[in-house]
Amino acid sequence: MLRNYVARRYSSSSSLSALVYKTIKQSRSGPPPLPVIETPRWTIADSAIACILSEQPAPATLTTHQKPYIFNCLVQNEPGVLSLISGKLAGRGFNIDSLVVANTELPTLSRMTIVLPTSTSKGTIEQVRKQIEDLVPVWSVLDYTTAPSIKREILLAKISLLGPEYFAELVAFHEGKTVTPGQSTLTKLHRSEWLRMRHANLDHLTNVVQLFGGSIADIAEFSCVVELCAKPERVSALLELIKPFGVLELARTGMTTLARTPLDQSVSLGDEFSEEDALVDASMLPPG
């Protein structure tokens with residue numbers, strides 16, 4: 001009431017406007033309250049638990065073995081070793097999921113990473129491992145199935161930039177269902193609209209790939225090439241996300257792995273160095 005009376009009594013052009021301002025300021029008990037935004041929250045435990053359980057992944061259905069079998073073979077770098085090992089696996093009826101061979105730090109030694117399917121029993125896998133290790137050009141066969149190791153795989157995928165509609169028509173064209181791909185999508189768009197659509201698809205695709213640590217290796221007029229080096233699980237997850245854009249070509253190198261070096265926690269710096277070791281013999285120092 002006092003503020004309204006003073007404001008009506010003295011206008012801003014009056015010499016007493018400063019008094020009006022100070023009177024209004026003194027009558028205030030504090031700053032005006034901030035607006036309160038009510039955030040939704042759970043009030044019933046049953047609803048919160050139901051939401052948490054709905055976000056959980058489905059339980060695994062495999063009962064024999066959950067992970068693929070991984071063998072790391074150190075073999076002699078000579079002709080015929082690859083066919084010898086693959087023939088041994090084929091004789092037992094194994095289907096190789098991936099196989100990567102490359103030279104090591106020694107020119108005469110090669111490292112071969114073999115990934116076998118999970119449908120095989122552990123006893124059969126151990127027999128095959130011993131049979132491969134008994135071959136003459138094989139130095140050792142290491143089982144990295146459960147060992148702590150670093151696993152990597154390289155992905156190169158050519159993705160369409162024209163949208164899923166054009167990709168669906170492209171698939172129909174190669175199946176003989178349509179005459180010309182893009183006759184119902186691209187022909188209805190102006191040149192500027194087509195360019196905006198292409199760059200929008202490229203931006204969305206780049207954002208998804210960069211979240212996985214990948215990059216765009218090449219860009220063409222109608223497609224681009226995605227590059228990623230990550231765990232095989234992350235490579236498969238990225239493929240599922242970019243599949244709606246339209247995968248034109250795909251190349252995966254297969255998994256390569258290297259075991260982690262365990263840390264020796266029993267040895268500390270205090271055990272290695274003592275005060276006696278820190279003393280320096282004066283006769284060993286240079287003159288001066």
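A residue counts as buried here when its relative accessible area is under 20%. Keep that cut-off in mind for the opening view of this predicted model: of the 288 residues in the chain, 27% are buried.

**Stop 1: the whole chain**

Select everything and colour by secondary structure. You should find ten helices and nine strands. Switch on a surface next: the chain exposes about 20500 Å², with carbon and sulfur atoms supplying 58% of that area. If you like contact maps, here is a number to go with yours. Among contacts between residues at least 6 apart in sequence, 69% join residues at least 24 apart.

**Stop 2: α4 and α5**

Now hide the surface and select residues 81-91, which form α4, together with residues 122-133, which form α5. Two packed helices are described by the angle between their axes and the distance between the axes. For α4 and α5, the angle is about 150° and the axes lie 10 Å apart. Angles over 145 degrees count as roughly antiparallel, so α4 is roughly antiparallel to α5. Their crossing is right-handed.

Show side chains to see who takes part. From α4 come I85, K88 and L89, while α5 brings V128, Q131 and I132. Sorted by class, this contact holds four nonpolar residues, one polar and one charged.

**Stop 3: N95**

Follow the chain onward from α4 and pick N95, in the loop that leads to β2 (98-103). Is N95 buried or exposed? It counts as exposed, because its relative accessibility is 55% and the cut-off for exposed is over 50%. Before moving on, add L116 to the selection and draw a distance between the C-alpha atoms. N95 and L116 are 21 residues apart in sequence, and their C-alpha atoms are 6.8 Å apart in space.

**Stop 4: α7 and α8**

For the last stop, select residues 191-211 for α7 and residues 232-242 for α8. How far apart are the axes of this pair, and at what angle do the helices pack? The axes are 10 Å apart and the angle is about 165°. That angle makes α7 roughly antiparallel to α8. The crossing of α7 and α8 is right-handed.

Turn on side chains again. In α7, look for L205, V208, V209 and L211; they meet R234, L238, L241 and I242 in α8. By class, the contact of α7 with α8 has seven nonpolar residues, no polar ones and one charged.

Conventions
Residues numbered from 1 in each chain as written. Predicted model: local features only at pLDDT ≥ 70, side-chain atom pairs only at ≥ 80, totals over all residues. Heavy atoms only, no water. Axes fitted to C-alpha atoms, helices over the stretch in contact; angles between N-to-C directions. Helix = DSSP H or I, 4+ residues; strand = E, 2+ residues; numbered from the N terminus. Parallel < 35°, antiparallel > 145°, perpendicular 65-115°, else oblique. Left-handed = near helix turned anticlockwise from the far one by under 90°. Contact = heavy atoms within 4.5 Å. Nonpolar A, V, L, I, M, F, W, Y, C, P; charged D, E, K, R; others polar. Buried < 20%, exposed > 50% of the residue type's maximum accessible area, 1.4 Å probe, protein only. Areas by Shrake-Rupley, 256 points an atom, 1.4 Å probe, with all protein chains shown as cover.
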